[in-house]
Amino acid sequence: MTYPLYGSTEVTTPDGSGKTTTAAAEMLRLVLSTPNGTSLIGAATLAQLEQTAQKTFMEMLPSEYIAYHSKQKNYIDLINGHRILFRPLDDPGKARSLNLCYFWVEESSEVNYEYFVQLQTRLRNHATKHHRGILSSNPDVGWIRNEFLLKSGKIHNSEI
C-alpha cells in the first residue's frame, strides 16, 4: 500500500496491520509540532530498531526537515530543534538521564516492562505539556496483555 504523507512524500508499506506505519506517522506528527524537544524511538534490539521503526520513520520524514544526522550516536536533529534518539531498549538504566517529550517502543512486548516504566518517568521535557508514549505491539503478548489488555474496562474488536 502507498500512503501520501506531507505533500508529495509517499510511504509504501507491506500489507500488514499497519502498527509500525501508524506509530511512525504519529511520532512524526508529534515531533514536527514540538520545537526544541527530545524524543526516543526504540526497540528490543538494534537490528530490530534499524529494520523497522527507524527505517519506517526515516522513510516518512522529509529530508529537508533534518538539520543534522549523527549516524555514530544514532540521533537526528530536526530544523525545529527537536532531537530524536534511536536506541535499543536492552538496559533500563540507560534511560535514567533522559528528559523526553515522547517515546515510541516498537514491538513493545519484546522489551522488559521495567524499561517501559523507566521511559514513563522520563516524560518530563518542558517543550510540551502533553507528553506521550506510543507502544506498537500485539496486544495479547506478555506484559502488554497483563498491564493493558487484562486491566481494560472495555475491549473493542475492530476488524478492518
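At 30% relative accessibility, Arg83 counts as partly exposed in this predicted model. Its side chain meets that of Asp77 in a salt bridge, with N and O 2.7 Å apart. Asp77 is buried, because its relative accessibility of 17% lies under the 20% limit. The salt bridge therefore joins a partly exposed arginine to a buried aspartate.

The count of salt bridges comes to 4. Another of them links the side chains of Lys55 and Glu59, at 2.8 Å from N to O. Both residues lie in helix 3, 4 residues apart, so about one helical turn separates them. Lys55 is partly exposed, at 44% relative accessibility. Glu59 is also partly exposed, at 38%. Asp90 and Lys94 form a further salt bridge, and their closest N and O atoms are 3.1 Å apart. Asp90 has a relative accessible area of 46%, and therefore counts as partly exposed.

Helix 3 spans residues 53-60. Its buried residues are Ala53, Gln54, Thr56, Phe57 and Met60. These residues cover an arc of only 165 degrees around the axis, so they fall on the same side of helix 3. One of them, Ala53, is in contact with Gln48. Gln48 itself belongs to helix 2, which covers residues 46-51. Gln48 is buried, because its relative accessibility of 15% is under 20%. Apart from neighbours within four places in sequence, the contacts of Gln48 are Ala43, Ala53, Glu106, Glu107 and Glu110.

The strands include an open sheet of 6, with mixed pairing and the order 4-5-6-3-7-8. Strand 4 (66-70) and strand 8 (132-136) occupy the edges. Each has a single partner strand, so one side of each is left without a neighbour in the sheet. Neighbouring strands are turned against each other by 15 degrees on average, direction ignored. Strand 3 (residues 38-43) and strand 6 (residues 83-88) run parallel and are joined by 6 bridges. Within this pair, Ser39 has Ile84 as its bridge partner in strand 6. Helix 1, residues 19-32, packs on the sheet. This helix touches strand 3, strand 5, strand 6, strand 7 (102-106) and strand 8. The direction of helix 1 makes about 165 degrees with that of strand 7.

Ile76 is located in strand 5, residues 75-78. Its relative accessible area is 0%, so Ile76 counts as buried. Beyond residues up to four places away in sequence, Ile76 touches Phe57, Met58, Leu61, Tyr68, His69, His82, Arg83, Ile84 and Phe86. Among these partners, Phe57 is one of the buried residues of helix 3. Ile84, the bridge partner of Ser39, is also in contact with Ile76. Arg83, the salt-bridge partner of Asp77, is another contact of Ile76. Ile66 lies 10 residues from Ile76 along the chain, and their C-alpha atoms are separated by 6.9 Å.

Confidence was examined along the chain. The average pLDDT is 87, and 86% of the residues score at least 70. Over residues 1-9 the pLDDT is below 50. This stretch still has 23 contacts in the model beyond near neighbours in sequence. Where pLDDT is low, the predicted coordinates should not be read in detail.

Methods: Residues numbered from 1 in each chain as written. Predicted model: local features only at pLDDT ≥ 70, side-chain atom pairs only at ≥ 80, totals over all residues. Heavy atoms only, no water. pLDDT = per-residue confidence, 0-100. Contact = heavy atoms within 4.5 Å. Helix = DSSP H or I, 4+ residues; strand = E, 2+ residues; numbered from the N terminus. Buried < 20%, exposed > 50% of the residue type's maximum accessible area, 1.4 Å probe, protein only. Arc of directions from axis to C-beta. Pairing = 2+ DSSP bridges. Axes fitted to C-alpha atoms, helices over the stretch in contact; angles between N-to-C directions.
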